[in-house]
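Work through the following exercises with the sequence and the coordinates side by side. Each task is followed by a solution that proceeds step by step.

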Amino acid sequence: MNTRHFSLAQYRQEWFGNVRADTLSGLVVAMALIPEAIAFSIIAGVDPKVGLFASFSIAVIIAFVGGRPGMISAATAATAVLMTPLVAGHGLEYLLAATVLAGVIQVVFGLLKLGALMRFVSRSVMTGFVNALAILIFMAQLPELTNVTWMTYVLVAGALAIIYLLPRVTNAVPSPLVAIIVITVLTMIFQFDVRNVGDMGELPDAFPVFHLPMVPLTLETLMIILPYSLAVAVVGLLESLMTAQLIDDLTDTRSNRNQECAGQGIANFFTGFIGGMAGCAMIGQSMINVKSGGRGRLSTFIAGIVLLILVVVLDQWVRQIPMPALVAVMIMVSIGTFSWSSIKNLKDHPRSSSVVMVSVVAVVVATHNLAIGVLVGVLLSGIFFAWKIAQLFGVRSELSEDGTQRTYHVEGQLFFASVEDFNAAFDFREALEKVVIDVSRAHIWDISSVGALDMVVMKFRREGADVEIVGLNEASATIVDRLAVHDKPDALEEFMKEGH
């Protein structure tokens with residue numbers, strides 16, 4: 001299980017164990033956050049500073065209280081799109097109130113240790129999630145690559161060349177950072193006709209201040225924001241925990257999922273009070289951070305602080321950063337995020353696993369909603385797993401030499417998916433004095449299987465046979481004792497009254 005107990009020494013190591021690389025990677029991430037935060041603000045229908053302040057606040061706070069060092073959290077499209085109807089119908093102040101409430105809900109989820117639910121997300125769902133995100137990241141760059149000047153393509157190609165070729169020479173500085181600086185300098189010197197960050201929207205001219213959401217403190221307000229807050233809380237945690245798992249795998253380290261849930265909640269809660277929108281972990285920026293050498297909490301903190309300094313203090317320089325440089329960085333992320341081996345594995349892996357993976361990709365790309373895609377994947381995984389386990393179930397029987405007793409040997413997992421096969425295995429018309437149901441090689445899991453056992457026992461008793469159940473293991477005996485009715489007084493009479 002991917003959880004860790006708190007250790008002060010470990011926490012200090014997470015902050016200062018990788019200072020140089022964390023600082024440099026944080027700089028890269030800060031630059032990549034700017035156009036994303038502005039774009040997500042536009043999606044939500046609010047001023048760009050709402051997304052920029054949110055990205056600063058969430059990144060800085062999660063650096064202290066999050067459960068996955070090195071993961072970048074900020075304003076995201078996944079949460080922004082959920083808030084769009086709320087902003088359209090009620091305005092910015094209700095968005096801020098919903099952000100605060102979403103934070104409270106996420107903290108409660110963390111205290112309830114719901115992060116453990118990630119164990120039910122299969123590897124196929126994870127692969128589909130990663131591939132879908134890679135495709136969405138690439139698709140998000142297409143507006144910057146259509147109806148643009150030819151120089152845009154030249155600069156994107158140049159930036160990609162720097163990103164991929166520089167590491168062959170040196171890894172002293174993250175190649176994406178070098179690409180952004182070089183392309184920016186060239187654009188400023190030669191005045192290339194390309195879009196820049198300043199074209200994305202107006203940058204804030206002051207630091208964020210405390211702001212209490214101006215909404216009526218009534219039950220009506222709660223009913224308005226609760227559905228949005230709950231959706232944002234669930235989607236935000238889902239994306240954050242999935243991203244945390246991905247970073248775990250990439251860095252061969254472990255995260256504390258429940259701490260991450262609570263940390264996301266704390267970050268969103270306080271962000272709502274400085275005029276920021278809700279956010280969560282960002283797979284794209286997290287991948288940039290990891291691939292640039294970022295591993296610790298310092299990288300996330302630097303990303304948030306530098307972002308604020310860039311957009312408020314150095315805004316005249318930031319406006320000049322050409323979009324082709326940032327597009328190239330995101331294309332690198334898209335290529336690096338996609339699991340290319342999963343294409344080759346389609347013919348080698350079990351068909352059910354491939355169907356789950358492809359379904360997640362298709363649903364997420366079609367809906368642009370990660371939650372729906374992952375939910376579909378989890379449901380399909382559950383159905384395929386239940387079907388597979390049900391196929392391992394069987395019942396065989398043997399008749400005694402005198403023909404008066406038949407023993408049924410039940411083998412495998414008896415649960416809702418195998419109940420039909422269980423019922424069909426018994427012959428109730430056979431004239432017997434005694435029936436023995438041997439479940440020593442079976443396990444009874446749920447109320448459906450207990451109900452099926454009850455039904456079989458009652459039907460044999462109705463035909464006049466004495467029924468004995470043998471071989472119940474401890475767990476099966478516990479659920480049968482609690483839920484079964486066949487051994488209760490007058491059980492047969494009640495069964496007959498029901499018309500069986």
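**Exercise 1.** Find which residues glycine 110 touches, not counting residues up to four places away in sequence.

Solution. Glycine 110 touches Asn258, Cys261 and Ala262 when residues up to four places away in sequence are not counted, where contact means heavy atoms within 4.5 Å. The model is a predicted one, in which local features need pLDDT of at least 70 and side-chain atom pairs count only at pLDDT 80 or more, while totals for chains, interfaces and linings use all residues. Residues are numbered from 1 along each chain as its sequence is written, and side-chain values use heavy atoms, with hydrogens and water left out.

Next, place the residue: glycine 110 belongs to helix H5 (residues 92-111), helices (H or I, at least four residues) and strands (E, at least two) being DSSP runs numbered from the N terminus. Its relative accessible area is 7%, so glycine 110 counts as buried; the classes are buried under 20% relative accessible area, exposed over 50% and partly exposed in between, with a 1.4 Å probe and protein chains only.

**Exercise 2.** Describe the largest nonpolar core and state which helix gives the most to it.

Solution. A nonpolar core is here a set of buried Ala, Val, Leu, Ile, Met, Phe, Trp, Tyr and Cys residues joined through side-chain atoms within 4.5 Å. The largest such core has 114 residues, and those with the most contacts inside it are Ile34 and Ile288. Helix H2 (residues 19-44) gives the most to this core, with 12 residues. Apart from it lies another core, of 25 residues, which includes Phe422, Val450, Val456 and Val480.

Then turn to isoleucine 288, which, leaving aside its neighbours within four places in sequence, is in contact with Val28, Val29, Ala32, Val329, Met330, Met332 and Val333. Ile288 is also among the buried residues of H11, a helix spanning residues 283-291 in which 8 of the 9 residues are buried. What covers these buried residues includes H2, helix H6 (123-141), helix H9 (219-251), strand S2 (279-281), helix H12 (297-312) and helix H14 (323-337). After H11 comes glycine 293, whose phi is positive, near 105 degrees.

**Exercise 3.** Work out in which order the 4 strands of the open sheet are arranged and which of them are the edge strands.

Solution. The order is S3-S4-S5-S6, with mixed pairing; two strands pair if DSSP finds at least two bridges between them. Strand S3 (394-399) and strand S6 (466-470) are the edge strands, each pairing on one side only.

Now take the pairs in turn. S3 and S4 run antiparallel and are joined by 6 bridges, and they form a hairpin with 5 residues between them, where glycine 403 in the turn has a positive phi of about 75 degrees. Strand S4 (residues 405-414) and strand S5 (residues 434-444), by contrast, pair in the parallel sense over 9 bridges. Tyrosine 408 of S4 is the bridge partner of serine 397, and tyrosine 408 also stands opposite isoleucine 437 in S5.

**Exercise 4.** Explain why S4 is described as largely enclosed.

Solution. Of the 10 residues of S4, 7 are buried, so this strand is largely enclosed by the rest of the structure.
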